[in-house]
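Reader: Could you walk me through how some of the labels for this model were reached? I would like to see each value set beside its cut-off.

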Amino acid sequence: MTLGEFLSERLGRILLQLTCAAAAALFLTATGTQPGVLVILFLALTLVFTAVQLSDFFRQRACIQELEAVLTGLDQKYLFAECAPPPKGLYERRLFDLTRRAGRAMVGAVSDAQAAQREYREYVERWVHEVKTPITAARLICRTIEPDTRRKLERELAQVEAHAERALFYARAESPEQDCVIRQANLESIVTQAINGHRTLLIQSGIRVEPEGLDCSVYTDEKWAVFILGQLLQNAARYRGEEPVIQITAKPLGKQIQLTVRDNGIGIPSHELPRVFDRGFTGSNGRARGGSTGMGLYLCKKLSGFLELDLQITSEEGAGTCVTLTFPARENLTKL
């Protein structure tokens with residue numbers, strides 16, 4: 001708070017006091033009070049008035065600075081009313097009490113919402129783990145049927161498992177700090193896990209994967225990085241072109257590692273490219289080919305942000321899409 005703001009807020013009160021002082025001076029003049037006495041009274045009143053206003057200004061400014069320091073030091077800002085020192089004036093105390101009661105109600109609502117979110121997350125995780133059991137059983141049953149039907153069923157089961165895995169990571173993305181552990185990992189191992197996890201889809205889609213230069217270490221959460229790459233592989237398979245190929249290459253970029261996933265698929269229209277990371281956005285390709293939820297790239301972007309990965313996408317319609325993941329250097333990580 002500045003002195004100008006303080007005086008502006010009290011302008012009406014100051015004008016009223018000046019008016020009263022002028023009226024008193026006129027009354028004293030009319031009753032025969034000598035001008036010298038009036039000047040002395042005016043100077044004394046001005047000095048007292050100025051001292052009172054400055055005292056109020058410094059007191060209020062110190063109080064605001066103390067409250068700002070309390071708020072700055074809190075991780076949960078909504079607990080401010082519980083931690084702030086109570087005021088001294090009666091009106092301020094009553095107002096502060098109302099604010100504190102409202103804050104307690106909000107804290108209760110936040111706690112209930114967090115508990116509900118935690119229960120939902122735990123339910124989704126249990127559901128995903130439980131649904132994997134019948135998927136595995138169905139795959140075992142597929143081995144007993146004729147090859148063409150088996151391949152079709154295995155493809156559909158892979159899609160079911162992919163949707164379940166996406167639901168799991170969507171739930172975890174709401175509280176990523178509870179599940180994410182960033183540490184040194186081998187990039188080749190991450191890429192291999194992602195490819196093996198989608199091997200059925202890639203083989204049945206006739207896609208050739210060409211990894212190159214992946215023998216390096218990065219700092220990330222291995223499980224989350226595998227999921228992100230898996231989403232990119234699924235997109236490349238869904239929107240493949242003739243003789244599909246996915247090139248996965250890595251190169252050092254200073255102390256960072258840049259991983260590039262490039263396909264020769266149908267590409268993304270230029271006017272849709274800025275929206276591909278929006279939640280639920282499927283685009284013209286997704287609507288034309290069906291089966292798209294618009295959640296894959298959204299989750300990739302959200303999880304990449306928490307992993308401190310730089311995720312960029314470029315595409316040319318009819319020529320293919322290129323996604324670049326830049327893994328941060330160890331010293332630049334804030335969550336290590």
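Author: Gladly, and let us start with a definition: buried means under 20% relative accessible area, exposed over 50%, and partly exposed in between (1.4 Å probe, protein chains only). This is a predicted model, where local features need pLDDT of at least 70 and side-chain atom pairs count only at pLDDT 80 or more, while totals for chains, interfaces and linings use all residues. Residues are numbered from 1 along each chain as its sequence is written, and side-chain values use heavy atoms, leaving out hydrogens and water.

Reader: Why is Gly213 called partly exposed?

Author: Its relative accessible area is 49%, and the class in between runs from 20% to 50%, so Gly213 counts as partly exposed.

Reader: What makes α2 roughly antiparallel to α3?

Author: The axes of α2 (residues 11-30) and α3 (residues 35-72), lines fitted to C-alpha atoms over the stretch in contact, cross at roughly 165 degrees. Angles run from 0 to 180 degrees between N-to-C directions, and those over 145 count as roughly antiparallel, so α2 is roughly antiparallel to α3. The axes come within 11 Å.

Reader: Which residues of α2 and α3 meet?

Author: Ile14, Gln17, Ala25, Leu28 and Thr29 in α2 meet Leu38, Leu41, Phe49 and Gln53 in α3, where contact means heavy atoms within 4.5 Å.

Reader: And where does Gly213 lie?

Author: Gly213 is in the loop between β2 (208-212) and β3 (217-220). Helices (H or I, at least four residues) and strands (E, at least two) are DSSP runs, numbered from the N terminus. Gly213 and Leu41 are 90 Å apart in space, C-alpha to C-alpha.

Note on methods
Parallel < 35°, antiparallel > 145°, perpendicular 65-115°, else oblique.
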